[in-house]
Amino acid sequence: MDIALWIAAGVLAAVALAGGATKVFVPKEALSNTSGGGWTRNASVPFVKSLGMLEILAAVGLILPAVVGIAPAMVPITAVCWVMLMAGAMITHGRRGESGLMMLNLSYLVLAAFIAWGRFVLEPFVT
């Protein structure tokens, strides 16, 4: 189970890093023209960049605390925060009628919930 949780955290961290970097470094105008980026047309640049930074921090929080052994409890806490972020993303895409993106966000939400449950209950990090 520990290996499965590490793999899940690694996959989710990669997703978070890619999504966050895109929101932080790609101009909003270009982002709004990409598949799935249409929601940014009605969002301010600071809001989009802030979401991107949250995603980058989530990528760090899913891996780094456990790797360095400092505050490893942050891993499941970060996963719970990701669940909340994905719930918001699902609402946003649902309002826009983007059911495919809602399902993608749901898969990330389930993966994060698995990490949170696994690290809080099944295989918590022992310090």
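A polar contact is a pair of N or O atoms within 3.5 Å, of which, within protein, one must be able to donate a hydrogen and the other to accept it. In this predicted model, such a contact joins the side chains of E98 and R96 at 3.1 Å. The pair also qualifies as a salt bridge, with an N to O distance of 3.1 Å. E98 lies in the loop between α4 and α5, the latter comprising residues 99–122. With a relative accessible area of 17%, E98 falls under the 20% cut-off and is therefore buried. R96, by contrast, has a relative accessible area of 35% and is partly exposed.

A search of the whole structure returned 3 salt bridges. One of them is formed by the side chains of R119 and D2, at 2.8 Å from N to O. This pair connects distant parts of the chain, R119 belonging to helix α5 and D2 to helix α1, with a separation of 117 residues. R119 is buried, at a relative accessible area of 4%. For D2 the corresponding value is 31%, and the residue is classed as partly exposed.

A salt bridge was also found between the side chains of E55 and K23, with an N to O distance of 3.0 Å. Here too distant parts of the chain are linked: E55 is in helix α3 and K23 in helix α1, 32 residues apart. E55 has a relative accessibility of 7% and counts as buried. K23, at 15% relative accessibility, likewise counts as buried.

Helix α3, which carries E55, was examined further. The helix runs over residues 45–68 and contains 24 residues. At 1.5 Å a residue, a span of 34 Å is expected, and the C-alpha atoms at its ends are 34 Å apart, so the two values agree. A bend of about 30° is nevertheless present at G61, and a proline, P65, follows within four residues. Both G61 and P65 are among the buried residues of α3. The remaining buried positions of the helix are V48, L51, G52, E55, I56, A58, A59, L62 and A66. The buried residues of α3 pack against three helices, namely α1 (residues 2–25), α2 (residues 28–32) and α4 (residues 74–95). Contacts to α1 thus accompany the salt bridge that E55 of α3 makes with K23 of α1. Just after the end of α3, G69 adopts a positive phi of about 75°.

Key. Residues numbered from 1 in each chain as written. Predicted model: local features only at pLDDT ≥ 70, side-chain atom pairs only at ≥ 80, totals over all residues. Heavy atoms only, no water. Helix = DSSP H or I, 4+ residues; strand = E, 2+ residues; numbered from the N terminus. Expected span 1.5 Å × (residues − 1). Bend = angle between axes of the 7 residues up to and from the residue. Buried < 20%, exposed > 50% of the residue type's maximum accessible area, 1.4 Å probe, protein only. Contact = heavy atoms within 4.5 Å. Salt bridge = Lys/Arg side-chain N within 4 Å of Asp/Glu carboxyl O.
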